[in-house]
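Colleague: Could you take me through one part of this model in detail, and set that part in the context of the whole chain? I would like a close look at one pocket and what surrounds the space.

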Amino acid sequence: MAALVPKEDGFLSVSEDRTVRVWLKRDSGQYWPSIYHPLPSPCSCMCINPETRRLSVGLDNGTISEFILSEDYNKMTPVKSYQAHQSRVLMVLFVLEMEWILSIGQDKHFTWHCSESGQRLGSYRINAGACGLQFDMETRHVFIGDHSGQVTILKLEQENSNLITTFRGHTGGITALCWDPVQRVLFSGSSDHSIIMWDIGGRKGTAIELQGHNDKVQSLFYAHHTRQLISCGADGGIVVWNMDVERQETPEWLDSDSCQKCDQPFFWNFKQMWDCKKIGLRQHHCRKCGKAVCGKCSSKRSSIPLMGFEFDVRVCDSCYESITDEERAPTATFHDSKHNVVHVHFDATRGWLLTSGTDKVIKLWDMTPVVS
């Protein structure tokens, strides 16, 4: 994992090589480590607070180690350690206003600690290993996404938690979460290659689907000042989504024993096949209307960007004729990072994007031409 250094031309990185490094840009134009700090266990995640320069590092042995970085980012001083989990720490968040350290681990537990005393305040066991963690300061709600594809919402008090609700929309495990406290929407990325935008604050229960990756979504970041979502995936793609358009909810797929266009039976409808003396057809679904259709009645493909389908998808012939050229206009831009991105960090004030990949390469991008 890597993150941009606040107000400096540099970045921090943590790695499974058991080191924390702070890279600053030198007069030569190259980035060189100003700090190279070894740790007793492989590093799995981190969180940097820009106001206090407090660095929280999650380790493979379940420990969270905290440091304070000096103003010139040339020194880091150990503060304390928390034995937060029984196995690898998967994500850590520091909440300055509450003086809380939130974390999820491979031991299927969510825990929170007091950063002043170091005392554990509570824990909550989830159904599966989690990979997404977000916190809303106003309501004290915690959002946890797990490998089963479920999102759990907890309400945190000082020493206890209450389950608010759980919801599920992905067919694969959740790999990334992103919370926008302004619009009060939650974005979830999944191994099923999709992103879902959940309307939490509007209480409408709407779920907008976004399809723009060919592999699992690895990381999400929302820029509220421009209302753009940045997503990165294992396919190496960086997608910038325009969320300032009126998007439509994808319809639920309808159930039927025969094609809802030509009334031909599907292959499991033995009675109608016998009556009509016809071989049953394979069932498909139109992505625009959700109707169950046969291959002959859905021979066309089209992109439907306002429904989140930036690539061509199956639609029935009548829906294909109804889609205008304006409705096919893209609402996202696509960029090739040329490496398998596992994490991103975006600095909205400078328009800089930092990507770290499985190839052990960190790349710094100027996103001002597309995020504006």
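**The second largest pocket and its setting**

Modeller: In this predicted model, residues 210-251 are a useful place to begin, since the end C-alpha atoms of this span lie 13 Å apart and its content is 0% helix and 50% strand. According to the unreviewed UniProt entry, the annotation "repeat: WD" covers this span, along with residues 167-200 and 334-367. Of these, residues 334-367 are 0% helix and 62% strand, with end C-alpha atoms 12 Å apart.

The pocket you ask about is the second largest one, and it holds about 580 Å³ of space. Its lining is made up of 19 residues, and those lying nearest the centre are Gly-169, Glu-209, Thr-250, Pro-251 and Trp-253. By residue class, the lining divides into seven nonpolar, six polar and six charged residues. Two strands can be named as contributors, for β19 (194-199) and β20 (207-211) each supply at least two residues of the lining.

The lining can also be described by domain. The protein chain is divided into domain 1, residues 126-211, and domain 2, residues 270-328, and the C-alpha centres of these two domains lie 31 Å apart. The second largest pocket draws on both, with at least three lining residues coming from each of domain 1 and domain 2.

Turning to the residues that come before domain 1 in the sequence, strand β11 (residues 109-114) and strand β12 (residues 120-125) run antiparallel and are joined by five bridges. Within this pairing, Thr-111 has Ser-123 of β12 as its bridge partner. The two strands form a hairpin with five residues between them, and in this hairpin Gly-118 adopts a positive phi near 80 degrees.

For the chain as a whole, the secondary structure comprises two helices and 31 strands. The C-alpha atoms fill a box of roughly 80 × 50 × 35 Å when taken along the principal axes, and buried residues account for 52% of the 372 residues in the protein chain. To return to your request, the second largest pocket is thus a space of about 580 Å³, with a lining to which domain 1 and domain 2 each give at least three residues and in which Gly-169, Glu-209, Thr-250, Pro-251 and Trp-253 lie nearest the centre.

Definitions and conventions:
Residues numbered from 1 in each chain as written. Predicted model: local features only at pLDDT ≥ 70, side-chain atom pairs only at ≥ 80, totals over all residues. Heavy atoms only, no water. 1 Å grid on protein atoms, 1.4 Å probe; cavity = no way out; pocket = protein on both sides within 12 Å on 5 of 7 lines; lining within 4 Å. Points joined across faces, edges and corners; volume = space filled by probe spheres on them. Helix = DSSP H or I, 4+ residues; strand = E, 2+ residues; numbered from the N terminus. Nonpolar A, V, L, I, M, F, W, Y, C, P; charged D, E, K, R; others polar. Domains from an automatic or database assignment. Pairing = 2+ DSSP bridges. UniProt positions renumbered as here; feature names shortened; annotations may be inferred. Buried < 20%, exposed > 50% of the residue type's maximum accessible area, 1.4 Å probe, protein only.
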